[in-house]
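User: I have a structure to go through. I want the reasoning behind each label, with the cut-off where one is needed.

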2 protein chains.
Amino acid sequence: MRSRSLVQLKLPMKIAVVAPSCTLRPEAAEAVSAIVASRGDAQLVIHPQCFLSDGHFAGPDGARLEALREVMADPSVDAIWFARGGYGSNRIAEAAARDLPEAARSKIYLGYSDAGFLLAAFYKSDLNVAHGPMVQDVARDGGPAAVNRALDWLVRKDQEALEPGLSEGRRAMAFNLTVLSHLIGTAIEPDFTDAELLIEDVAEHEYRIDRTMFHLTGSEAIRRVAGIRIGRISEIPDNEPAFGHDAESIVQNWCKRAGIAFLGPADIGHDANNRVVPFNYRSN
Amino acid sequence: MRSRSLVQLKLPMKIAVVAPSCTLRPEAAEAVSAIVASRGDAQLVIHPQCFLSDGHFAGPDGARLEALREVMADPSVDAIWFARGGYGSNRIAEAAARDLPEAARSKIYLGYSDAGFLLAAFYKSDLNVAHGPMVQDVARDGGPAAVNRALDWLVRKDQEALEPGLSEGRRAMAFNLTVLSHLIGTAIEPDFTDAELLIEDVAEHEYRIDRTMFHLTGSEAIRRVAGIRIGRISEIPDNEPAFGHDAESIVQNWCKRAGIAFLGPADIGHDANNRVVPFNYRSN
């Protein structure tokens, strides 16, 4: 009887949601809470900081950092799920990764887009990070599938949630192209050596993608990757005149010029089909 | 009589115009040619490459590089004046600065905006570069004044054309902020040590300016500057919600965080008032 009651007391995975970038919409929080409740395999704790607002951000830098550090230090939290992107996590990323409490090391961190600044800083500090859907994604067309995919991976490491090109023997890292370009050369730049690099982007003109690829592939740090795979580059604004090259040929061209292997497509992007890329897949 | 005829044969300064980025508008070429003709103190040679068009660019990379290298190698050319910005000079900058002909070293190179990629690459190769108005600027409100300022400086090193904060003992470099951010860490990054860095930008959201300043001031190469001065950050698109910080406070904030001296305003920008910043002002 005693052992049985102990089993019954075992709590489901506890997932904490914080918003290091922009404010989470209450409707999205409610929709995801409902999904988690109906699944019954996880406990979702949405930090009140997610609903703060300070200009562009989900509260001032101090409040966003404090909420993030609070859940990182909480031993009862198994996973930290970033609420959404936008812009702003770079402003607290270096501080968030400093003097890490032991409890921060046993968690999973999941997000993408602007949260890539945190993925980079945390991965550099040997934390367990993954690129994948966030809470706000529930509002997309087909969004609940993205949210369930994220939960399937967080709760039970469902292999179906993973980007299909990943393989056991090869380290992979995934980033929004523009975010990655802005962290190269800063204190939060991780080591890319021999990793397969997956990139995606949204709402950038082709000339900007070209310029960012020039910058990225011009970096010695990036030239150490095993190769680059291209996810979806979506919602590209019209160029006037037409740029003359599409996103895939732009990426291929700069890989070629830099002597970086181009390894084909990746199933990631700013959409509901965005698959999960754990940076330490090799060790999972 | 002989010496008098020799003096009469002395030709005015020869200025070659090429377009390493986007296509020059014929109306702008005509307007600037008329200004130069009425001044009578310079010979303007507009390379036919300026009017080529290939998607976004003033001709394919090969044609833009060839025209630029042709005028660089021409001993009769005293100055190379970039036609306009846009995007694309980064695609040929490294090649343009390679194996320089001796004739390239006795010229002045003038431009800004996207041409900053060339200013960087050429300055790194010890060429004599300056940040200032371009040919296409004639189309701006008050544009002829910008063109005359550029010519006053090219032809007779008129001190009135210079950015007023420059001083003899201090090296200065000027760049479009976004362009500068994209060349950091690449093969064309020049040495910024102890230089005063002047930045300007146009048509970027405040969140992008903030992100770019994070990137820029996070670079060890940039942290070696003597300080940063801010030119005009113009045509900022609306942010939804309001970002909460203006461009000057954004720049000041990141300078402070990075331990870089903020040195006040600079009289440069994407406008007719754009003053000239020779990178080797110390030696002029």
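User: Where in chain A is Asp126(A) found?

Analyst: This is a predicted model. Asp126(A) lies in the loop that runs between α5 (116–124) and β5 (128–131) of chain A.

User: Why is Asp126(A) called exposed?

Analyst: Its relative accessibility is 65%. Exposed means over 50%, so the label applies to Asp126(A).

User: What makes the phi of Asp126(A) worth listing?

Analyst: Most residues other than glycine have a negative phi. Asp126(A) is not a glycine, yet its phi is positive, near 65 degrees. In chain B, Asp99(B) has a positive phi of about 45 degrees and is not a glycine either. Asp99(B) sits in the loop between α4 and β4 (108–111) of chain B. Asp99(B) counts as exposed, because its relative accessibility is 67% and the cut-off is over 50%.

User: Which peptide bond at Pro241(A) is cis?

Analyst: The one that joins Glu240(A) and Pro241(A), with omega about 0 degrees. Most peptide bonds are trans. Pro241(A) is in the loop between β8 (227–234) and α9 (247–258) of chain A. In chain B, the bond from Glu240(B) to Pro241(B) is cis, with omega near 0 degrees.

User: Why does Cys22(A) form no disulfide?

Analyst: The closest cysteine sulfur, in Cys50(A), is 12 Å from the sulfur of Cys22(A). A disulfide needs the sulfur atoms within 2.5 Å, so this pair is too far apart for a bond. Over all chains, the structure holds zero disulfides. Cys22(A) is also buried, because 7% relative accessibility is under 20%.

User: How do you know that a two-fold axis relates the chains?

Analyst: Chain B superposes on chain A by a rotation of 180 degrees with 0.0 Å of shift along the axis, at an RMSD of 0.0 Å. That is the relation of a two-fold axis. Gly185(B) comes closest to the axis among the residues of chain B, with its C-alpha at 3.4 Å.

User: Why do you say the copies meet through the same surface?

Analyst: Because 100% of the interface residues of chain B are also interface residues in chain A. Each side is counted: 36 residues from chain B and 36 residues from chain A. About 3,000 Å² is buried between them, 51% of it from carbon and sulfur atoms.

User: What makes Asp210(A) and Arg91(B) a salt bridge?

Analyst: Their closest N and O atoms are 3.0 Å apart. The cut-off is within 4 Å, so the pair qualifies. The interface of chain B and chain A has six salt bridges. α8(B) gives the most to the side of chain B that touches chain A, with seven residues.

Notes: Residues are numbered from 1 along each chain as its sequence is written. Chains are lettered from A and ligands numbered from 1 in the order in which they are written. This is a predicted model: local features need pLDDT of at least 70, side-chain atom pairs count only at pLDDT 80 or more; totals for chains, interfaces and linings use all residues. Side-chain values use heavy atoms; hydrogens and water are left out. Buried means under 20% relative accessible area, exposed over 50%, partly exposed in between (1.4 Å probe, protein chains only). Copies are superposed by least squares on the C-alpha atoms of residues with pLDDT of at least 70 in both. Contact means heavy atoms within 4.5 Å. Buried area is the accessible area (1.4 Å probe) that two parts lose on being put together, summed over both. A salt bridge is a side-chain nitrogen of Lys or Arg within 4 Å of a carboxyl oxygen of Asp or Glu. Helices (H or I, at least four residues) and strands (E, at least two) are DSSP runs, numbered from the N terminus.
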